[in-house]
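Student: Could we go through this protein together, beginning with the overall picture and then moving to the details?

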Amino acid sequence: MSHLSSPPKKHKGEHKGHSLPHGSERGSSSRDKDRSATVSSSVPMPAGGKGSHPSSTPQRVPNRLIHEKSPYLLQHAYNPVDWYPWGQEAFDKARKENKPIFLSVGYSTCHWCHMMEEESFQNEEIGRLLSEDFVSVKVDREERPDVDKVYMTFVQATSSGGGWPMNVWLTPNLQPFVGGTYFPPEDGLTRVGFRTVLLRIREQWKQNKNTLLENSQRVTTALLARSEISMGDRQLPPSAATMNNRCFQQLDEGYDEEYGGFAEAPKFPTPVILSFLFSYWLSHRLTQDGSRAQQMALHTLKMMANGGIRDHVGQGFHRYSTDCQWHVPHFEKMLYDQAQLAVAFSQAFQISGDEFYSDVAKGILQYVARSLSHRSGGFYSAEDADSPPERGTRPKEGAYYVWTVKEVQQLLPEPVLGATEPLTSGQLLMKHYGLTEAGNISPSQDPKGELQGQNVLTVRYSLELTAARFGLDVEAVRTLLNTGLEKLFQARKHRPKPHLDSKMLAAWNGLMVSGYAVTGAVLGQDRLINYATNGAKFLKRHMFDVASGRLMRTCYTGSGGTVEHSNPPCWGFLEDYAFVVRGLLDLYEASQESAWLEWALRLQDTQDRLFWDSQGGGYFCSEAELGAGLPLRLKDDQDGAEPSANSVSAHNLLRLHGFTGHKDWMDKCVCLLTAFSERMRRVPVALPEMVRALSAQQQTLKQIVICGDRQAKDTKALVQCVHSVYIPNKVLILADGDPSSFLSRQLPFLSTLRRLEDQATAYVCENQACSMPITDPCELRKLLHP
């Protein structure tokens with residue numbers, strides 16, 4: 001391996017994964033000062049090349065990406081580059097003309113993808129190089145996660161990090177030989193410009209192609225061996241108690257006592273870690289470590305909710321914090337973060353009873369309903385970090401979300417009555433949220449100077465302290481602040497909005513169905529459960545092919561709000577099935593509508609048929625046919641910004657076994673966990689969601705059966721009692737007394753359970769034995785939460 005530039009202190013480009021101690025990738029701030037690019041290569045690269053010439057104004061002549069549906073590909077449709085989408089046409093051209101493939105992968109709300117598009121892909125000379133000497137291929141990583149994972153594996157294995165934009169050079173047979181992330185257009189003192197890299201690779205391809213191909217083959221073979229996940233000669237997965245304790249200890253070592261979260265800046269929300277800590281607390285709640293786990297998770301959530309990573313004006317959470325205090329975020333908003341954080345805050349409310357957490361969860365879902373929802377029930381992917389401060393100006397990161405003192409003073413000039421000193425509503429809000437005349441963003445977090453004098457709202461004091469400071473009543477302060485935030489929200493509506501990625505992904509829609517279903521169930525709000533139901537209906541209507549039983553990966557917002565698909569359709573990947581099945585199981589438990597459970601079972605059967613590795617155990621990320629030609633067929637082995645689809649599948653298999661009694665699904669779960677044994681043993685903190693599944697598999701799953709009519713008040717009271725208690729390792733079953741119902745056919749023992757004195761009656765069953773009948777919600781709660 002050789003580097004075309006000196007390794008940077010931090011990886012550039014958008015993050016890969018999230019901050020985790022002990023062996024997991026760390027992301028980077030999008031405002032790191034050192035912008036040099038690291039380039040990985042399977043062969044030595046000679047020096048040479050000239051600096052880039054300034055980009056001329058691009059002609060508005062579209063390339064073939066103009067025919068694509070992806071918002072990210074359409075952002076590149078007017079580049080002076082002969083772009084191809086990923087597909088056979090590009091591969092055939094590379095083989096016929098014997099040219100290397102330049103593969104560039106990103107997504108539409110990626111800040112550094114925008115930068116490279118503007119600096120390099122709009123450059124006429126660079127465009128000629130890419131069009132004449134390479135076959136250039138653009139990929140939206142959210143449309144093709146399989147392509148992204150394969151080549152990110154290469155970049156991470158051969159360089160100092162990974163992220164987006166990801167740029168990789170391939171042989172015509174799709175084997176990688178050079179890779180990197182963000183490249184500046186011009187050479188610098190410690191960095192190599194993109195034009196220089198292109199010239200060097202062009203020369204290598206002409207002079208040393210055979211050596212390059214041999215090395216590429218050797219690297220691919222090594223990656224195959226390194227990425228293999230299989231049961232081997234193991235019969236059983238590792239001890240859950242051991243993995244649990246090791247995972248907790250590793251998290252404890254990296255925990256930030258003051259601000260919460262894990263490791264150093266940048267800091268990521270990491271819902272999978274918070275979920276693990278809550279589960280760990282439940283099984284260790286009488287121990288010091290159990291109390292510690294609960295405190296770590298609750299404190300982290302509270303600090304995040306008070307920090308600038310939360311949008312206090314419009315609600316929802318930004319992608320990550322560029323500092324350890326959760327103050328200055330990278331401002332993009334991703335659907336998968338909103339979905340998982342809604343669940344995390346709902347669970348925090350279940351555990352603590354503190355309405356602070358439930359209010360945050362409701363705020364997240366309010367934001368999604370307002371800004372990320374299609375009228376037919378689906379959910380959009382993301383909102384960008386960048387937007388023009390004013391119409392017609394150049395986009396800047398965070399422009400939509402930041403405030404000057406002058407703006408706030410003008411919007412909130414009203415005097416506050418009863419204060420111990422002269423005070424306006426604006427001054428009260430600025431004090432509470434830490435706004436200053438000079439701005440509260442450090443220059444080190446703003447190297448371009450785009451945020452000078454600007455402020456990110458972050459809670460500096462409790463309501464009680466702010467009230468005491470000005471001699472006011474706490475509730476009066478709460479009302480004044482909420483009124484002030486609403487006025488800021490109305491004023492912000494007049495600013496140019498960030499770009500909306502209106503692509504809809506089955507996987508992320510599945511996560512959002514879970515977000516609404518779980519939160520609605522915990523809070524007893526049917527309105528939220530209805531959003532989940534509409535999301536599931538959208539998936540079935542627009543992203544499910546009845547004839548083949550397969551999910552589609554994507555659909556898009558067309559003109560007039562219609563729903564469009566690519567032609568041919570992009571079929572679902574493992575994560576689409578796993579996350580949708582989880583969403584449907586959560587929706588069944590929230591709504592007790594068995595049709596969603598039936599569909600979940602059918603989708604699980606399809607998932608098993610398309611992705612299960614019958615030899616090694618576990619699920620491949622992609623169908624064999626869909627990934628034909630890719631040098632690797634991977635099994636995702638990290639719970640990152642999103643949980644690994646194998647981790648989620650392990651939970652799904654356990655729950656489906658609980659709902660149906662089908663032994664095959666329990667057997668598959670054991671095989672899956674056994675296949676990932678080595679990964680869990682080596683770095684359990686990289687797979688906290690799978691460690692949680694391992695614990696669930698080795699404990700006893702509770703089958704909580706409510707015998708009653710779904711719409712009856714006494715049935716609803718018992719159901720709400722179950723949802724009010726944090727019990728992650730359970731299935732909730734409604735038995736309505738109909739022997740021909742779907743669940744009665746799956747679980748014959750349900751017919752033996754009776755209502756007591758014609759009242760809705762609960763039974764808690766474990767190990768094929770059920771409790772005495774319970775009709776009082778308070779008694780049920782005592783049994784569930786001793």
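Tutor: The discussion below takes up the overall fold, then strands, cavities and some backbone features. Please keep in mind that this is a predicted model.

Student: How many helices and strands are in the chain?

Tutor: The chain contains 27 helices and 22 strands. Its radius of gyration is 27 Å, close to the 28 Å that the globule rule gives for 786 residues, so the chain is as compact as a globular protein of that length.

Student: And what does the C-alpha trace span along its principal axes?

Tutor: The span is about 85 × 75 × 50 Å. Of the 786 residues, 62% count as buried.

Student: Let us turn to strands. How many residues of β4 are buried?

Tutor: Strand β4 covers residues 135-140, and six of its six residues are buried. In a regular strand the side chains alternate between the two faces of the sheet. In β4, Val135, Val137 and Val139 lie on one side, Ser136, Lys138 and Asp140 lie on the other, and all are buried.

Student: Which strands pair with β4, and in what sense?

Tutor: Strand β2, residues 84-85, pairs with β4 in the parallel sense over two bridges, and there proline 85 stands opposite lysine 138. Strand β3, residues 101-106, also pairs with β4 in the parallel sense, over six bridges. In that pairing phenylalanine 102 is opposite serine 136.

Student: What about β19: how many of its residues are buried?

Tutor: Five of the six residues of β19, which spans 702-707, are buried. Six bridges join β19 to β20, residues 730-735, and the two run parallel. The chain passes from β19 through helix α25, residues 713-724, to β20, and this β-α-β crossover is right-handed.

Student: Which residues stand opposite glutamine 703 in β20 and β21?

Tutor: In β20 the bridge partner of glutamine 703 is valine 731. In β21 glutamine 703 stands opposite cysteine 765. The pairing of β19 with β21, residues 761-766, is antiparallel and has five bridges.

Student: Now the small sheets. What is the strand order in the one with β9?

Tutor: That open sheet of three strands has the order β9-β10-β13, with antiparallel pairing. Strands β9 (333-334) and β13 (500-501) stand at the edges with a single partner strand each, so one side of each is left without a neighbour in the sheet. Two bridges connect β9 and β10, residues 382-383, and methionine 334 stands opposite alanine 382.

Student: And the one with β14?

Tutor: There the order is β14-β17-β18, again an open sheet of three strands with antiparallel pairing. Strands β14 (504-505) and β18 (563-564) are at the edges; each has a single partner strand, so one side of each lacks a neighbour in the sheet. Two bridges join β14 to β17, residues 554-557, with methionine 504 partnered by cysteine 555.

Student: Changing topic: how many cavities of 30 Å³ or more does the structure hold?

Tutor: There are five such cavities, and the largest contains about 90 Å³ of space. It is lined by 13 residues, of which Arg310, Asp311, Tyr401, Val456 and Leu457 lie nearest its centre. The lining divides into seven nonpolar, three polar and three charged residues.

Student: Where are the cis peptide bonds you would point out?

Tutor: Most residues other than glycine have a negative phi, and most peptide bonds are trans. A cis bond joins tryptophan 164 and proline 165, with omega about 5°; proline 165 lies in the loop between α5 and β5. Another cis bond runs from alanine 265 to proline 266, with omega near 0°, and proline 266 lies in the loop between α8 and α9.

Student: Threonine 270 has a positive phi too; is it buried or exposed?

Tutor: Threonine 270, whose phi is about 50°, is buried at a relative accessible area of 4%. It sits in the loop between α8 and α9. Asparagine 767 also has a positive phi of about 50°, but it counts as exposed at 62% relative accessibility. Its place is the loop between β21 and β22.

Student: Finally, where is glycine 616?

Tutor: Glycine 616 is in the loop between α20 and α21 and is buried, with a relative accessible area of 5%. Glycine 616 and alanine 675 are 59 residues apart in sequence and 6.7 Å apart in space, C-alpha to C-alpha.

Terms used: Residues are numbered from 1 along each chain as its sequence is written. This is a predicted model: local features need pLDDT of at least 70, side-chain atom pairs count only at pLDDT 80 or more; totals for chains, interfaces and linings use all residues. Side-chain values use heavy atoms; hydrogens and water are left out. On a 1 Å grid over the protein atoms alone, a cavity is a set of points where a 1.4 Å probe fits but cannot get out, and a pocket is an open set with protein on both sides within 12 Å along at least five of seven lines; lining residues have an atom within 4 Å of a point. Grid points are joined across faces, edges and corners, and a volume is the space filled by probe spheres set on the points. Ala, Val, Leu, Ile, Met, Phe, Trp, Tyr, Cys and Pro count as nonpolar, Asp, Glu, Lys and Arg as charged, and the others, Gly among them, as polar. Buried means under 20% relative accessible area, exposed over 50%, partly exposed in between (1.4 Å probe, protein chains only). Helices (H or I, at least four residues) and strands (E, at least two) are DSSP runs, numbered from the N terminus. Two strands pair if DSSP finds at least two bridges between them. A crossover is right-handed if, with the strands pointing away from the viewer, the path from the first strand over the helix to the second runs clockwise. The radius of gyration is taken over C-alpha atoms; the globule rule is 2.2 Å times the number of residues to the power 0.38.
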